[in-house]
Amino acid sequence: MKTLKSKLTKKVYSVILAIAVIFSGLYIPQNVKTIKAASATVESAIAWAIAIANDNSHGYSMTNRWGPDYDCSSFVISAFRNAGVNVGSATYTGNMRAQFTQHGFQWIPWSQIGGTGNLQRGDILLNEAQHTEIYLGNNQNVGAHSAKGHPETGDQTGNEISVSGYYNHPWNGVLRYVASDTPACNCSTDYAGDYYVSTNSLPLTMRSGHGTNYGVVTSIPKGSTVHVSRADGSWAHVEWNGHSGYCSMQYLTRVSQKSYNLHVWVSDTKMGEVPDSYEVGNRYYICYELMDESTGRRASETSNISYNAKETVRNSKGLVFEYTYQNSDNNWISFVCDSEDTYTGTVTISGDIDVSCSVSLDAKAVTKPQIKTWLWENDDDNEITTSYVGEKVNVSYLIRDKYSEKNLNEVTNKWTQGDGYTVTVKVYDPDGTQISSKSFKNVDHTQMSFTPSKSGDYTVKTEVSGNMTGSVSKQLTVKKKTISIPKPTVKPTPEPTETPTPEPTETPTPVPTETQTPEPTETPTPTPVETPTPTPVETPTPKPVETPTPEPTETPTPAPTKTPTPAPVETPTPAPVKTPTPVPTGTPIPVSTVKPTVAPTAKPTTSPELPPMETPNEITNTDWKESAKSALSTLKSYILGDDEDEFTDEIRVGKVSLKYIKTLKGRKVLIGLNKKADVDGYQIEYSTNRKFKNSKIIQMKKTTATVKKLKKNKKYYVRVRGYKQNDGEKVYGKWSKVKKITLRR
């Protein structure tokens, strides 16, 4: 509606001005001054200017300023050129005064004008440093003002190029056309087109009118291409290199077929240079130029053609932006790379020229790779610096982006393009010899393992090459295992097990000795009681003969049977030497001597009933067997432990650890476990509560699982354990360390 109102307003002004010109002799209200008609040339320039102002396909532009859009100076210059006025090489406000005054214009300083009362219709109001417009009379101007915040082609507001009320910019002065009008020519547009200068050698002269009697505007080199807007067959209206004038058609040859080249490129500034790289979040420009191949100049400088230039930008998701320019041989559109993707800009020219060209760019996220490596055995969360010979050691590495703290390949594919990158893990033994090496292509996180065969300091080096380079080293101290094996001979005594027979042989022989003086402190036995009995010979003799005899017989040692019997019969003297028993048998004198030595506290008459041969240290055949069994039991208990069932019935389940947790699209999470050979399956537990209240359980036998239908922007806690089957029941191991992850996709 705003544009429509603007158009209506402009048309109303045009009608009023036309009526004022045509009916200048009629009565005019007091608040409107009579507008005196200017010369035909000036009126022609004014008519063109008002027509452009009323056509909203023309807007303000300082880049594409020679049509269809204009800025203030190109608008005024074009108005007089289209009226057939030669304005020389004027191109901007700074050189308009010098050029216009050479081609029929008079410069009047503003100090001489004094005010609007002395202005004439068609005067060019000029501020040489900033702005220019054409005065229409009745306190009105026409001119190109500004883009009003719209860089697009065309007048988006109706006020970019318009008729407006007079205002003082301020102006430095006025350019007034004072030359006499050139007689109207009968030139035809049938001659319009592109021509090249075909003189023999000299340049072609451009003049200010039809004929050699007009002044020289400039000289055009041989072979140059010019544009002819109209001609009469002898002289042509020519435009070349910013100059307008007239040339003899005798030295102009029409270009039969034009060839155009469309150049398209990407820049990080308007019509700027091509950048080295493209980053997510930055603004870029798809720029183009339509060039005349025959002259190497822009199409609008050498050709009078009509066309549309449509620019589009697309990525993998579809259209990003598009815009169409009219008759613009150089321009741009801009866009912002909002994600890692390939963006393609295309410019399509259609109309008098049909040509298309595309250019692509790959936008990459700004990343800074970091590498970390660590050694571990059973749990990759527990880094180790020492190990033992023969123990398996795992080596893991991770390459992540410093800014997002995510795995590098999840953030960008920049580093995997082309040759990508390669990670090589090398292991050196204490002698500096490489014992293991493995390479991974474009993998940002994985592991390998090795088994040290000798003690000492090992070096693990992780090297990155290709699109990025770097290295990191780790030291591992390897020791020999020291196994402590308990000596089974410390507690048990193997003698009874190996030779139980010799002991009984030696023991029953000195039975009489034990009852007398050999070691009175160890055996304060009732031996002294037995000796003072009235019948020592009769009482002790039959018992030692009867009692110990069967034992020597079974244990093949007959000597004791003979020794105790004759000792008391033959002589009392040698008996004390061999055995102390015969002393009481021979005489009562030794008895009185023995009493205080053997047991001074024991009264002889106190316990005469005790059997003299039954002593606490006496061991029968049955006792030896029981003793051997007890020794074996003690040995077994020492080797196996006090609780034998602890080693025979318990099922041990290896501890399982979480390898990784990754978020997937669609509210999913991928969980990976470190495989354990001594488990039959795995159990994963996850919950939004760190104490695992209202948790969910997953039973599986694989080492990966995908958890679905999770809640966005929720933090989940995850842990895992292994289990083994035992008689149809599952025996679970210990829970792993808890890992947490926040779902944001």
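These questions and answers cover a helix pair and a small sheet in a predicted model.

Trainee: What length does helix 2 reach from its first C-alpha to its last?
Mentor: Helix 2 runs over residues 40–54 and has 15 residues. At 1.5 Å a residue, 21 Å is expected. The span is close to that, at 21 Å.

Trainee: Is Trp-48 in helix 2 buried or exposed?
Mentor: Buried means under 20% relative accessible area. Several residues of helix 2 meet that, including Ala-45, Ala-49 and Ile-52. Trp-48 is listed with them, as buried.

Trainee: Which residues of helix 3 does helix 2 meet?
Mentor: Helix 2 brings Val-42, Ser-44, Ala-45, Trp-48, Ala-49 and Ile-52. Contact here takes heavy atoms within 4.5 Å. The partners in helix 3 are Phe-75, Ser-78, Ala-79, Phe-80 and Asn-82.

Trainee: Why are helix 2 and helix 3 called oblique?
Mentor: Their axes come within 7 Å and cross at roughly 130 degrees. Angles over 145 count as roughly antiparallel, and 65 to 115 as roughly perpendicular. The crossing angle falls in neither range, so the two helices are oblique.

Trainee: Which strands stand at the edges of the open sheet?
Mentor: The sheet has three strands in the order 30-31-34, with antiparallel pairing. An edge strand has a single partner, so one side is left without a neighbour in the sheet. That describes strand 30 (658–664) and strand 34 (704–707).

Trainee: Which residue of strand 31 stands opposite Lys-662?
Mentor: Strand 30 and strand 31 (residues 668–673) pair in the antiparallel sense over six bridges. Opposite Lys-662 stands Leu-670.

Technical notes:
Residues numbered from 1 in each chain as written. Predicted model: local features only at pLDDT ≥ 70, side-chain atom pairs only at ≥ 80, totals over all residues. Heavy atoms only, no water. Helix = DSSP H or I, 4+ residues; strand = E, 2+ residues; numbered from the N terminus. Expected span 1.5 Å × (residues − 1). Buried < 20%, exposed > 50% of the residue type's maximum accessible area, 1.4 Å probe, protein only. Pairing = 2+ DSSP bridges. Axes fitted to C-alpha atoms, helices over the stretch in contact; angles between N-to-C directions. Parallel < 35°, antiparallel > 145°, perpendicular 65-115°, else oblique.
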